[in-house]
Amino acid sequence: MGWLNRMNRAIDMMEKRMEAPFDIGEIARAAYCSAFHFQRMFHMLTGMTVAEYTRKRRLTLAAQELASSGSRVVDIALKFGYESPESFSKAFRKLHGISPSEARSPGASLKAFPRISFHLSLKGDQGMEYRIVEKPEFSIIGKVAQVTIKNGENYQIIPKLWDTWNADGTSDKLLALGKDKDLLGVCLDMEHQQEQFNYMIAVEAADTPVDNEFTIRTIPASTWAVFTSVGSLPNAIQDVLGQIFQDWFPSTGYEHSGGPEIEVYPIGDIRSDSYRCEVWIPIIKK
């Protein structure tokens with residue numbers, strides 16, 4: 001319950017500051033965790049980034065004020081953090097489907113996006129199996145694509161990237177260069193404020209020449225929590241990722257270190273109900 005209280009306290013602080021920019025580090029401290037961990041947890045628990053949630057809440061409150069007051073559109077736009085009436089109108093129409101001025105018409109249809117709160121959900125006594133691994137620094141080689149996490153689009157984009165890389169021969173080329181026969185899916189350079197990160201199909205580098213079409217990255221020495229996914233992809237591993245952030249982190253003394261996350265895919269039938277792969281999450285003790 002302590003974790004729930006801390007997360008809800010952070011939401012309370014965000015709600016009180018909807019009319020002004022706020023420091024995500026200060027919000028995270030209300031939940032007793034790092035800014036990175038708070039934003040990652042928030043996204044995995046709600047399916048939204050902090051920025052996306054804040055944007056929807058501010059536009060909800062702005063719509064309420066437009067409908068109930070005579071304040072000028074420009075004043076309301078500035079009040080809720082928009083630099084110009086034009087940028088406010090564009091965001092307002094995208095969420096509500098009408099312009100700010102139309103929101104004042106009698107009977108205008110508006111969307112209300114309510115504030116969230118976190119509650120305890122009892123799901124039975126099935127625990128999550130994991131192991132803790134210390135791994136020194138190592139290098140990976142592969143191909144990188146930028147992925148957005150807006151509206152959970154990463155869950156659709158990444159499987160399509162794999163389909164493309166498998167079809168165009170990228171996977172086979174990398175397996176020929178790798179230290180072992182596992183393909184890696186690596187989440188790097190997470191930028192929560194920009195709602196994006198880099199996703200890399202890769203292999204652990206061996207002492208062989210690297211084709212110029214590929215990128216080399218260094219994964220720092222870390223402590224990892226390693227979880228096994230069993231089932232058809234991508235659903236099985238997406239379910240495991242959800243469990244890690246919804247169940248495992250809140251019930252342990254660990255938090256995300258902010259480093260890369262790694263998916264390890266052995267050769268096999270990824271559509272099989274018995275396919276086994278792993279998720280490696282970099283962790284630190286709270």
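Here is a walk through this structure, from the whole chain down to a few single residues.

Keep in mind from the start that the model is predicted. The chain has 286 residues, and 47% of them are buried. Its secondary structure adds up to 9 helices and 9 strands. If you lay the C-alpha trace along its principal axes, it spans about 70 × 45 × 35 Å. The accessible surface comes to about 14600 Å², with 50% of that belonging to carbon and sulfur atoms. On the charge side, there are 32 positive and 36 negative side chains, and the centres of the two sets sit 7 Å apart.

How does the chain fold back on itself? Take the contacts between residues at least 6 apart in sequence: 72% of these join residues at least 24 apart.

Now for the inside. Nonpolar side chains in soluble globular proteins tend to be buried together. In this model the largest nonpolar core has 61 residues, and the ones with the most contacts inside it are M14, F38, Y199, I244, F249 and Y265. Helix 1, residues 2–16, supplies the largest share of that core, with 7 residues. F38 is a good place to park your viewer. Setting aside residues up to four places away in sequence, F38 touches M7, A10, M14, I24, I27, A28, A31, C33 and V50. Of these partners, M14 is also among the core residues with the most contacts.

From the core, move to strand 3, residues 182–191. Is this strand mostly enclosed or open? Of its 10 residues, 7 are buried, so strand 3 is largely enclosed by the rest of the structure. Strand 3 pairs with strand 8, residues 261–266, running antiparallel to it with 6 bridges between them. To find that pairing on screen, look for V186, whose bridge partner in strand 8 is I262. Strand 3 also pairs with strand 4, residues 196–204, again in the antiparallel sense and over 6 bridges. Here a handy marker is L188, which has N198 as its bridge partner in strand 4.

Strands 3 and 4 make a hairpin, with 4 residues between them. One residue in that turn, E195, has a positive phi of about 60° even though it is not a glycine. Buried or exposed, where does E195 fall? Its relative accessibility is 4%, so E195 counts as buried. There is another non-glycine with a positive phi to look at: D189, at about 55°. D189 lies in strand 3 itself, whereas E195 lies in the loop between strand 3 and strand 4. D189 has a relative accessibility of 32%, so it counts as partly exposed.

Next, helix 7, residues 154–167, which includes N154. N154 has a relative accessible area of 7%, so it is buried. What surrounds N154? Leaving out neighbours within four places in sequence, N154 is in contact with H43, V147, T148, I149, P159 and F197. One of these partners, F197, falls within the residue range of strand 4. N166 is in helix 7 as well. With a relative accessible area of 39%, N166 is partly exposed. For a sense of distance, N166 and G152 are 14 residues apart in sequence and 23 Å apart in space, C-alpha to C-alpha.

Two prolines finish the tour. P234 is found in the loop between strand 6, residues 222–230, and helix 9. The peptide bond joining L233 and P234 is cis, with omega at about 5°. P250 lies in the loop between helix 9, residues 235–248, and strand 7, residues 254–256. What does P250 touch beyond its neighbours within four places in sequence? Its contacts are W3, M41, I244 and F245. I244 should look familiar, as it is listed among the core residues with the most contacts. Finally, P250 and R217 are 33 residues apart in sequence and 31 Å apart in space, C-alpha to C-alpha.

Technical notes
Residues numbered from 1 in each chain as written. Predicted model: local features only at pLDDT ≥ 70, side-chain atom pairs only at ≥ 80, totals over all residues. Heavy atoms only, no water. Core = buried A, V, L, I, M, F, W, Y, C linked by side-chain atoms within 4.5 Å. Buried < 20%, exposed > 50% of the residue type's maximum accessible area, 1.4 Å probe, protein only. Contact = heavy atoms within 4.5 Å. Areas by Shrake-Rupley, 256 points an atom, 1.4 Å probe, with all protein chains shown as cover. Lys, Arg positive; Asp, Glu negative; His and termini not counted. Charge placed at Lys NZ, Arg CZ, Asp CG, Glu CD. Pairing = 2+ DSSP bridges.
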